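Here are a few notes to help you find your way around this one. Have the structure open while you read.

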Amino acid sequence: MGLFHCPLGAPYYDDDACIDCGLCYAKTAEERVEASRKIREYMKAHAAHTSAVSKVAVCGKGGSGKTTAVALLTLALKEAGRRVIVIDADESNPGLGRMLGLKGEPRPLSDLFGEDGLFSERERFSMDEMPPGFVAVVDGARFMEVGKILDPFQGCACSMAESARQIVEKLELKEGELLILDMEAGVESFGRGVERHADTVLIVVEPSFESIAVAGRIAQMAQGMGIGRVGAILNKVAFEAMATRTTQELGKLGVKVFGVLSYSPELAETAFEGKPVCGRASIDEAGIIIKAL
Ligand code: SF4
């Protein structure tokens, strides 16, 4: 397998960073599973335990409402006085920038972190060093995106996922700054190790069997990476009993619930019309989730 995929970032087999997990030379599914187990154990044992929330990856099944949740959390975080940096790390779905009120799009981060990109060799960097064109400012929040698959035969999304992985790992945050990422749907990003330098994983869950099942898998993978703060946000909840049942089912999978975003006709209307998110009640619910973290 390509060394690019080493989950521990080792540049080659037998490098100092290599723990000889066996993934590089695994030939069978059993060997790959065993290598993953060794990596999870290593990451758990070496996880940086921090109480501060600073790098938040928002994940979940496709259609669960991750993007809307990220937009609402961004508004609530700004109200709470955090300097928010938003990354659209979903290479398929457009819409996060628009939901935040952004007109136009910044240059994709895959240009910056790609083979010939300015930041491809950088070890660390801060937001002050980001070149012009890659960061858009919308109502005080800074917004970046990894890029989108737009054309047939464009190629795979590896460079975009790698950009997201590098920014989570290498961006040095200053006092009050908080990075929040809208991840691609499902568990592929965990397979790539994109989230492993995040301190918080929020799983957006709609009340459905599939969404709960995916949340269980994501929580298991995030905890296996050594991420200390992992939990769910219930979304599109229409009535209290629905929240209670979903919380119970998630509890059986060991997934804690940080809060609820209720179904909102106002949000549904803005989503249909492609307008920025709004709604005092929804932003207040997002604020409760932030406090719960
Ligand atoms: S054996 Fe494992 S730790 Fe070593 S380089 Fe390969 S994937 Fe990375």
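Leaving aside its neighbours within four places in sequence, which residues is I167 in contact with?

1. Let's take that one straight away. Beyond those close neighbours in sequence, I167 touches K55, I87, L109, F113, F125, M144 and L179. Do keep in mind that you're looking at a predicted model.

2. I167 also turns up in the largest nonpolar core, which has 53 residues. I167 is listed there with I87, L109, M130, V201 and I203 as the residues with the most contacts inside that core. If you want an element to start from, try helix α7 (residues 209-224): with 6 residues, helix α7 gives the most to this core.

3. There's another core to look for, lying apart from that one. This other core has 34 residues, including V84, A136, L202 and I233.

4. Now zoom out. The protein has 10 helices and 8 strands. Its radius of gyration is 19 Å, close to the 19 Å that the globule rule gives for 293 residues, so the protein is as compact as a globular protein of that length. The C-alpha trace spans about 55 × 45 × 40 Å along its principal axes.

5. How do the contacts run along the chain? Take those between residues at least 6 apart in sequence: 74% of them join residues at least 24 apart.

6. As for inside and outside, 50% of the 293 residues count as buried. The protein exposes about 14400 Å², and carbon and sulfur atoms supply 53% of that area.

7. Last, the charges: there are 33 positive and 42 negative ones, and their mean positions are 4 Å apart.

Terms used: Residues numbered from 1 in each chain as written. Predicted model: local features only at pLDDT ≥ 70, side-chain atom pairs only at ≥ 80, totals over all residues. Heavy atoms only, no water. Helix = DSSP H or I, 4+ residues; strand = E, 2+ residues; numbered from the N terminus. Rg over C-alpha atoms; globule rule 2.2 N^0.38 Å. Buried < 20%, exposed > 50% of the residue type's maximum accessible area, 1.4 Å probe, protein only. Contact = heavy atoms within 4.5 Å. Areas by Shrake-Rupley, 256 points an atom, 1.4 Å probe, with all protein chains shown as cover. Lys, Arg positive; Asp, Glu negative; His and termini not counted. Charge placed at Lys NZ, Arg CZ, Asp CG, Glu CD. Core = buried A, V, L, I, M, F, W, Y, C linked by side-chain atoms within 4.5 Å.
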